[in-house]
Amino acid sequence: MRDEFERIFGAAPSGVWAAPGRVNLIGEHTDYNEGFVLPIALPQAVRVAAAPRSDGRLRLYSAQGDDVVTDLLVDRLAPGAVTSWAGYPAGVVWALREAGHRIGGADLYFDSDVPTGAGLSSSAALECAVAVAFRDLYQLELTSAELALLAQRAENDFAGVPCGVMDQMASSSCVEGAALFLDTRPQPSAGGTPTQPSDRGTSAGGTPTQPATVLNYRQVPFRPAEQGLALLVIDTRVKHDLGDGAYATLRAGCERAAELLGLAALRDLSAEALPAALAVLDGHPGELGPLVRHVVTEDERVVRAVELLDKGDFAALGPILTAGHASLRDDFKVSCAETDLAADTAVAAGALGARMTGGGFGGSVIALVPQELATAVEEAVEAAFLAAGWAAPKVFATVAAAGARRLD
Ligand code: ADP
Ligand code: MG
């Protein structure tokens, strides 16, 4: 990283940082309904070598980018101004300045082994790598959750992608050997005591306006290998175009349903109240009932999964994953032939449970498998894909890795 930085920018970097991709164990399409999610960080990460600049220039180069140095001025950054991949990192710098942090420019060199567009959140990894590097370069007093909220703002308002906060929180706040149980409902920060220990940096470079909200989360032990299990990621290597527009439509449907039910968010609907809510929605246009059923049952699955992981009961976790997949397939309708085949084949070949992970319409599937069956599951999924006339998926075993951090 240091050599490549020097080759491109002609001087040594100040340091090297990394931020990981993620898979979500359970809790899909719940984050924009102020519900629960349970992701882990992956060992695959976006790394960035960085040095500050005092002249206000922001120069960006990615080994996975377009082979040119993108050269920007930090005080000219504005939503929509950067349309390439560089919009994600530039958006973080913009969001930091919008939040009142007095930061200058930087030279940034990126290299990554997070597959892009595979539902593993390479975009959040890219953003969080920048956020954590700027925190240290400019000695900003920011918690990992505040970094995530700024990274989400970059993706929403600068890059124009209306994502929830899960991906950025996973990348910024996960720890090794644990899943992140996150309540995505923003809590007012004034007067409240955060539930997690402070991870603020040491000194402040300015007097920033702190975000008005905090997020509650808790680390839940996740070490399946200790019980002879492996977590496989099956990257189907398909991404159906449909996904982009569908996300906004689904999100709008959930918000409309909450409004019709008189709720701030679907997170406020209990399982007991679900039948009555479905009856109310029955008279309204749009297939809102199944969307609501998915969100309510999915939040329940997250809470149940956390209870099981707290007890170390991985065997009972499997069926929850599989039930989550069925809900995404039948109620939320974001699965596709490839993710269905991967999940079904994995379970038939001995997985305790399997589900699509990420927004849907392709991307990746996770499967919880006894270690001795991992190869058989992988081969079965490959064979099924070839029999269907599709390219073989990429399958790898993973562990819960660390969140964004300085490497060097
Ligand atoms: P996902 O986050 O699931 O991987 P997205 O479509 O949200 O998929 O983000 C992928 C985009 O993020 C890429 O098209 C690219 O613009 C950007 N990106 C991710 N990683 C890198 C990288 N290492 N270098 C340059 N751009 C990257
Ligand atoms: Mg993304």
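**A mixed sheet, its helices and a bound ligand**

In this predicted model, strands β1 and β3 run antiparallel and are joined by nine bridges. One pair along this ladder is easy to pick out: Pro20 stands opposite Ala45 in β3. On the other hand, β1 also pairs with β13, again in the antiparallel sense, this time over two bridges. Here Ala18 has Arg405 of β13 as its bridge partner. Strand β1 is mostly covered, with 10 of its 10 residues buried. As a general reminder, the strands of a sheet pair through backbone hydrogen bonds, and the pairing may be parallel or antiparallel.

These pairs belong to a wider arrangement. Six strands make up an open sheet, and reading across it gives the order β5-β4-β6-β3-β1-β13, with mixed pairing. The edges are taken by β5 (70–73) and β13 (405–406); each has a single partner strand, so one side of each is left without a neighbour in the sheet. The parallel part of the pattern can be seen where β4 (residues 57–62) meets β6 (residues 105–112), two strands joined by five bridges. Within this pair, Arg59 stands opposite Asp107 in β6.

Two helices can be followed against the sheet. Helix α3 (residues 122–137) packs on it and touches β1, β3, β4, β6 and β13. The direction of α3 makes about 145° with that of β1. Helix α1 (residues 2–9) lies across β1 (15–24), β3 (39–53), β4 and β6. Relative to β6, helix α1 runs at about 130°.

The loop between β6 and α3 contains Ser121, a good residue to look at in detail. Is Ser121 buried or exposed? Its relative accessibility is 8%, and because buried means under 20%, Ser121 counts as buried. Leaving aside residues up to four places away in sequence, Ser121 touches Gly21, Arg22, Val114 and Asp167. Two of these neighbours also take part in polar contacts with the serine side chain: the side chain of Arg22 is joined to that of Ser121 by a contact of 3.3 Å, and the side chain of Asp167 by a contact of 2.9 Å.

The model also holds a bound molecule, ligand 1. Which residues come closest to ligand 1? Of the 14 residues that surround the ligand, the closest are Ser62, Gln64, Gly117, Ser122 and Ser123. A nitrogen atom of ligand 1 lies 2.6 Å from a polar side-chain atom of Ser62. Backbone atoms take part as well: a polar backbone atom of Gly117 is 2.8 Å from an oxygen atom of ligand 1, and a polar backbone atom of Gly119 is 3.4 Å from an oxygen atom of the ligand. Taken alone, ligand 1 exposes 570 Å², and the protein buries 77% of that area.

Another stretch worth finding is the hairpin formed by β10 and β11, which has four residues between its strands. In the turn, Gly358 has a positive phi of about 90°. Strand β10 (residues 353–357) and strand β11 (residues 362–370) pair in the antiparallel sense over five bridges, and Thr357 stands opposite Ser364 in β11. Five of the five residues of β10 are buried, so this strand is largely enclosed by the rest of the structure.

Note on methods
Residues numbered from 1 in each chain as written. Chains lettered and ligands numbered in written order. Predicted model: local features only at pLDDT ≥ 70, side-chain atom pairs only at ≥ 80, totals over all residues. Heavy atoms only, no water. Pairing = 2+ DSSP bridges. Contact = heavy atoms within 4.5 Å. Axes fitted to C-alpha atoms, helices over the stretch in contact; angles between N-to-C directions. Buried < 20%, exposed > 50% of the residue type's maximum accessible area, 1.4 Å probe, protein only. Polar contact = N/O pair within 3.5 Å; in protein donor to acceptor, adjacent residues only side chain to side chain. Near = heavy atom within 4 Å. Areas by Shrake-Rupley, 256 points an atom, 1.4 Å probe, with all protein chains shown as cover.
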